[in-house]
Amino acid sequence: MRPLVRNAALNGYLELTRALSVDPLPLLRSAGLHATDLAAHNKWISADAVAELLELTAIATGRDDFGLRLAEDRPFSNLGPVSLAAREEPDVRSALEMITRYLHLHNEALRIRMVETNGLVTIKVDSVLGAPAECRQATQLIVGVILCNIRSLTGHGWEPVAVCFSHDRPADLATHHRVLGWSIRFGEEFNGVVVYASDLDAPNTLSDPLLRPYARQYLEAIASPRPAADVDRIRGLIEALLPTGRCSLQQVAHSLGVDRKTVHRHLAKFNETFSSVLNSTRRQLVQQYLSSQNRPLTQVAELLGFSALSTFSRWFRAEFGSSPKAWRSARRYNGINKPPAAMG
């Protein structure tokens, strides 16, 4: 099934596009959407279509910072019921954890993971779309919204340690600096934000302790947290182990402190196997890594745990129908990252 997202993800889209002197209606039609999809309250629409729409609009407006511009004025309340509960959490960390657990109520395609080490927390974002697609603008929107949300929770003056993107550096960074600050890195191995762990322990400036239990009860009454915690942990370990060349079921089980049968049992609850999670993780990561034109294919192969470039190329062709080089070239030529049906 293709993942869906609340149409609130496109709040402000029509106004921004028209302000940049472009008619948004043909762009909506090209992405398989209609203006009525945005007019209906709380309607669910295709996450793939939203990602494509943002890329088409960036091209039409000539603004490769379109996603960031859309994030710039996005209020904390844009996440709907998730915002209502998260804003009453006592500190920034618990508010972000609440958003992460219930994010599927807003966006089925988005995954957020927080990894803490050496006093730093890395907040990684991934878009798991139904088909391979360019996500540069959607990624900018998501990262920009996360940063704006943290600023809303902490109050004015807070800045991240770093903001990271896997794509290459754009020509003009004015909007990036205005929205994200000055510690921005491109061509990284992940998309997300790095912050001091101590910053997440700061009090939530939006919180009202008297409303907290009611907000939690309301959210728990309308939905359950995302249930795939075991799969997410295993996926995170796979991602961490792939570059080491030691990503195996045995190694993942050892890292979890369980045996291989226990890992199989956890995955089976969600109709997954170790091989299926390994392959889906590679599929998601390779599109992210190839978004940087400057990253050598040999490095991409190593990051995905392949011992040889030829092995990586065979796997890629089987998954995407073209060679990695041809696919990357087509993305750059077409302006939007749609894989060719058959190339190379």
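A residue is called buried here when its relative accessible area is under 20%. With that cut-off in hand, let us walk through this predicted model, starting inside one of its helices. Glutamine 287 belongs to helix α15, which runs over residues 274-290. Its relative accessible area is 15%, so glutamine 287 counts as buried. What lies 2.9 Å from a polar atom of the glutamine 287 side chain? It is the backbone oxygen of arginine 283. Here the numbering tells a familiar story: an α-helix has 3.6 residues a turn, so residues three or four places apart point the same way.

Arginine 282 leads us on to an aromatic neighbourhood. The charged end of arginine 282 sits over the ring of phenylalanine 306, at 4.1 Å from the ring centre. Phenylalanine 306 is itself buried, with a relative accessible area of 10%. The model has eleven aromatic pairs in total. One of them joins phenylalanine 306 to phenylalanine 312, with 5.7 Å between the centres and 50 degrees between the planes. That pair is classed as tilted because its angle is neither under 30 degrees nor over 60. Phenylalanine 312 has a relative accessible area of 0%, so this ring partner is buried too. Which residues do the ring pairs link into a cluster? They are Phe306, Phe312, Trp315, Phe316, Phe320 and Trp327.

Several of those names come back when we turn to helix α17, residues 309-320. This helix has twelve residues, and at 1.5 Å a residue it should span 16 Å. The C-alpha atoms at its ends are 16 Å apart, which agrees with that expectation. Its buried residues are Phe312, Trp315, Phe316 and Phe320. Why can these four be placed on the same side of α17? They cover an arc of only 105 degrees around the axis, and that puts them on the same side. Turned away from this buried side is a face that carries the exposed residues Arg314 and Ala318. Just after the helix, glycine 321 takes a positive phi of about 80 degrees.

Helix α4, residues 47-61, offers another case to look at. For its 15 residues, 1.5 Å a residue gives an expected span of 21 Å, and the end C-alpha atoms are indeed 21 Å apart. Twelve of the 15 residues are buried, so α4 is largely enclosed by the rest of the structure. Small and charged side chains appear on the list alongside others: among the buried residues are Ala47, Asp48, Val50, Leu53, Glu55 and Thr61.

The cysteines are quickly told. How many disulfides does the model have? The count comes to zero. Cysteine 148 is in no disulfide, and the nearest cysteine sulfur, that of cysteine 164, is 17 Å away. A disulfide would need the two sulfur atoms within 2.5 Å, which is why this pair does not qualify. Cysteine 148 is buried at a relative accessible area of 16%, and cysteine 164 is buried at 3%.

Another charge over a ring can be found elsewhere in the chain. Lysine 124 lies over the face of phenylalanine 190, at 5.5 Å from the ring centre.

Next, some backbone angles. Most residues other than glycine have a negative phi. Serine 21 has a phi near 65 degrees, a positive value in a residue other than glycine. Where is serine 21 found? It is in the loop between α1 (13-19) and α2 (24-30). Its relative accessible area of 69% makes serine 21 exposed. Asparagine 118 also has a positive phi, near 55 degrees, and is likewise not a glycine. This residue lies in the loop between β3 (110-117) and β4 (120-127), and asparagine 118 is exposed, with a relative accessible area of 76%.

A last stop gives a sense of distance. Leucine 14 is found in helix α1, and at 27% relative accessibility it counts as partly exposed. Its C-alpha atom is separated by 41 Å from that of glycine 119, a residue 105 positions away along the chain.

Conventions:
Residues are numbered from 1 along each chain as its sequence is written. This is a predicted model: local features need pLDDT of at least 70, side-chain atom pairs count only at pLDDT 80 or more; totals for chains, interfaces and linings use all residues. Side-chain values use heavy atoms; hydrogens and water are left out. Helices (H or I, at least four residues) and strands (E, at least two) are DSSP runs, numbered from the N terminus. The expected span of a helix is 1.5 Å times one less than its number of residues. Buried means under 20% relative accessible area, exposed over 50%, partly exposed in between (1.4 Å probe, protein chains only). The arc is that of the directions from the helix axis to the C-beta atoms. A polar contact is a pair of N or O atoms within 3.5 Å; within protein, one must be able to donate a hydrogen and the other to accept it, and residues adjacent in sequence count only if both atoms are side-chain atoms. Rings of Phe, Tyr and Trp (its six-membered ring) pair if their centres lie within 6.5 Å; planes under 30 degrees apart count as stacked, over 60 as edge-to-face and the rest as tilted. A charge sits over a ring if NZ of Lys or CZ of Arg is within 6 Å of the ring centre and within 35 degrees of the ring normal.
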